Amino acid sequence: MDDVDRAVAALRARGSLKWTRHPDALGAWVAEMDLGTAPAITRALHDAVDRGLLGYLPDWLADDVAAAWCGFARDRYGWDVPPERVRPLPDVLAGLSAAITHLSRPGSPVVLPTPAYMPFLEVPPALGREVLEVPMARDGDRYVYDLDALDAAFRAGGHLLVLCNPHNPIGRVLEPAEMLAVAAVVDRHGGRVFSDEVHAPLVFPGHRHVPYASLDQVTAAHALTATSASKAWDLAGLKYAQLVLSNDADAATWARVGYPVEHGASTLGAVANVAAYRDGVAWLDGTLAVLDRHRRLLADLLAEHLPHARYRPPEGTYLAWVEGLGVDDPGDLLLERAGVAVVDGARCGAAGRGAIRMDLATPEPVLTAIVERMAAALRGQSDGSPGATR
Ligand SMILES: Cc1ncc(COP(=O)(O)O)c(C=O)c1O
């Protein structure tokens, strides 16, 4: 067994979704990390299980999460939020569903910049809402919001804009000026924003997470923010997230309608979120240093093995967006011919066609093997140049 086989065998033995859905492929698809768990979280969970803290979410524990997150947000983002404005959610997608159902104009389409996190295309239709895909524009090699196209989507009847920052899948961390420009469009149309900030703790040196609702009175008045420790500390299965209410009207609405949603939040998830925000910051920073190396390693690997691929290392998140692979449906092809499971970009909206989203949070030998296998499969498919197989 070489290093890769050993690492993969250990990952599969753990039994995670990422490493068991496609048992014959290397897993780089779902946003899970293969980098272990913060010891503070493991300890807190063991302690809660040993105490038998397995019933409904107690009020004191929900309050503890709110206080822990507020401390983290103050230290990390300079955002001072009163703890009573931070409510439990089972997950971020439950927050999106609630925003659509309770805060957007009944029946209105949802405005979605694309490429987008795949479920953002699926949740609105499941609630009877249309999605208005708004392809992002390019400024050199980076994606930016297309303000004119956003404006047109609101003119076409859109009401709730889904903002994702840091962005899955393209890895952008928005600058305040960009967000203020988006906010001006939203405000002009009396629109709302669901600000998904689940990747906020995962921002690389040179970039800074600025919460959208923290920018000014206008953004606070039209935004609903959701975040969680679930991505940065790899806790998605524990089902706990934070809804941040940044204006009195939404706080009043939530007091009326929030209970059935809050009921889904889990007690052990709350325990883990407190441990993450309070005692898991050193682990987070260590993990970010590893991910920082991986985002650069991927650039080197692609330059060596797939020189035609286009990739801009993410500014935040542990997801990589790779374009220019020279095939229209790289996801299927890579699964079948390379034995590598990634997300096909078309699942992120029409603007993502031909791209892939891949997960960088895996041991270095595995990441290297993933790219080598991809390159071998794409060489077998074509001469490796973009468009060669069309
Ligand atoms: C941007 C974004 N939002 C939401 C989610 C899902 O979060 P949850 O499991 O809390 O609904 C993910 C998961 O990868 C994500 O990347």
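**Notebook: salt bridges, ligand pocket, strands and one helix**

E315 counts as buried, with a relative accessibility of 3%. I started from this residue and worked outwards. Note to self: this is a predicted model.

**Entry 1. Who does E315 talk to?**
I looked for the salt-bridge partner of E315 and found R172, with the closest N and O atoms 2.9 Å apart. The two come from distant parts of the chain, 143 residues apart. R172 sits in the loop between β7 (160–164) and α8 (176–188), while E315 is in the loop between β11 (310–311) and β12 (319–323). Is R172 buried or exposed? R172 counts as buried, since its relative accessibility is 3%, and E315 has 3% as well. The cut-off for buried is under 20%, so I have a salt bridge here with both ends under cover.

I then checked whether the pair stands by itself. R172 and E315 belong to a network of salt bridges that also takes in D141, E178 and R312.

**Entry 2. Other salt bridges across the chain**
How many salt bridges does a search of the whole structure find? The search gives 25. I picked two more to follow up.

The first is R85 with D248, where the closest N and O atoms are 2.4 Å apart. R85 lies in the loop between α4 and β2 (86–89) and D248 in helix α10 (residues 248–257), so this bridge ties together parts of the chain that are 163 residues apart in sequence. The two ends are not covered alike. R85 counts as buried at 19% relative accessibility, and I double-checked that call against the cut-off of under 20%. D248 counts as exposed at 59%.

The second is R278 with D64, with the closest N and O atoms 3.5 Å apart. Where do the two residues sit? R278 is in helix α12 (residues 267–279) and D64 is in helix α4 (residues 59–77), 214 residues apart. Both ends came up as partly exposed: R278 has a relative accessible area of 42% and D64 has 24%.

**Entry 3. The ligand**
Next I listed what surrounds the ligand. The residues are A31, D91, V92, L93, Y117, C164, N168, D196, V198, H199 and K231.

Which atoms come up against the ligand's oxygens? I noted three contacts:
- V92 puts a backbone N or O atom 2.8 Å from an oxygen atom of the ligand.
- L93 has a polar backbone atom 3.0 Å from an oxygen atom of the ligand.
- N168 uses its side chain, with a polar atom 2.7 Å from an oxygen atom of the ligand.

I also looked up how much of the ligand is covered. On its own the ligand has 390 Å² of accessible area, and the protein covers 93% of that.

**Entry 4. Strand β10 and its neighbours**
I picked β10 (residues 241–245) and asked how many of its residues are buried. The count is 5 of 5. A241, L243 and L245 point one way from the strand, Q242 and V244 the other way, and all are buried.

On pairing, I found two partners to write down. β2 pairs with β10 in the antiparallel sense over 4 bridges, and here R87 stands opposite L243. Strand β9 (residues 223–227) also runs antiparallel to β10, joined by 4 bridges. In that pairing A226 is the residue opposite L243. That gives L243 a facing residue in each pairing: R87 and A226.

**Entry 5. The open sheet after E315**
Back to the stretch around E315, whose loop runs between β11 and β12. Both strands belong to an open sheet of 4 strands, in the order β11-β12-β15-β14, with antiparallel pairing. Which strands are at the edges? They are β11 and β14 (343–344), each of which pairs on one side only. Inside the sheet, β12 and β15 (residues 356–359) pair in the antiparallel sense over 4 bridges. A320 stands opposite M358 of β15.

**Entry 6. Helix α14**
Last lookup: which residues of α14 (residues 330–338) are buried? They are P330, G331, L333, L334 and A338. These lie on the same side of the helix, because they cover an arc of only 165° around its axis. Following α14 I found G339, with a positive phi near 65°.

Key: Residues numbered from 1 in each chain as written. Predicted model: local features only at pLDDT ≥ 70, side-chain atom pairs only at ≥ 80, totals over all residues. Heavy atoms only, no water. Buried < 20%, exposed > 50% of the residue type's maximum accessible area, 1.4 Å probe, protein only. Arc of directions from axis to C-beta. Salt bridge = Lys/Arg side-chain N within 4 Å of Asp/Glu carboxyl O. Near = heavy atom within 4 Å. Polar contact = N/O pair within 3.5 Å; in protein donor to acceptor, adjacent residues only side chain to side chain. Areas by Shrake-Rupley, 256 points an atom, 1.4 Å probe, with all protein chains shown as cover. Pairing = 2+ DSSP bridges.
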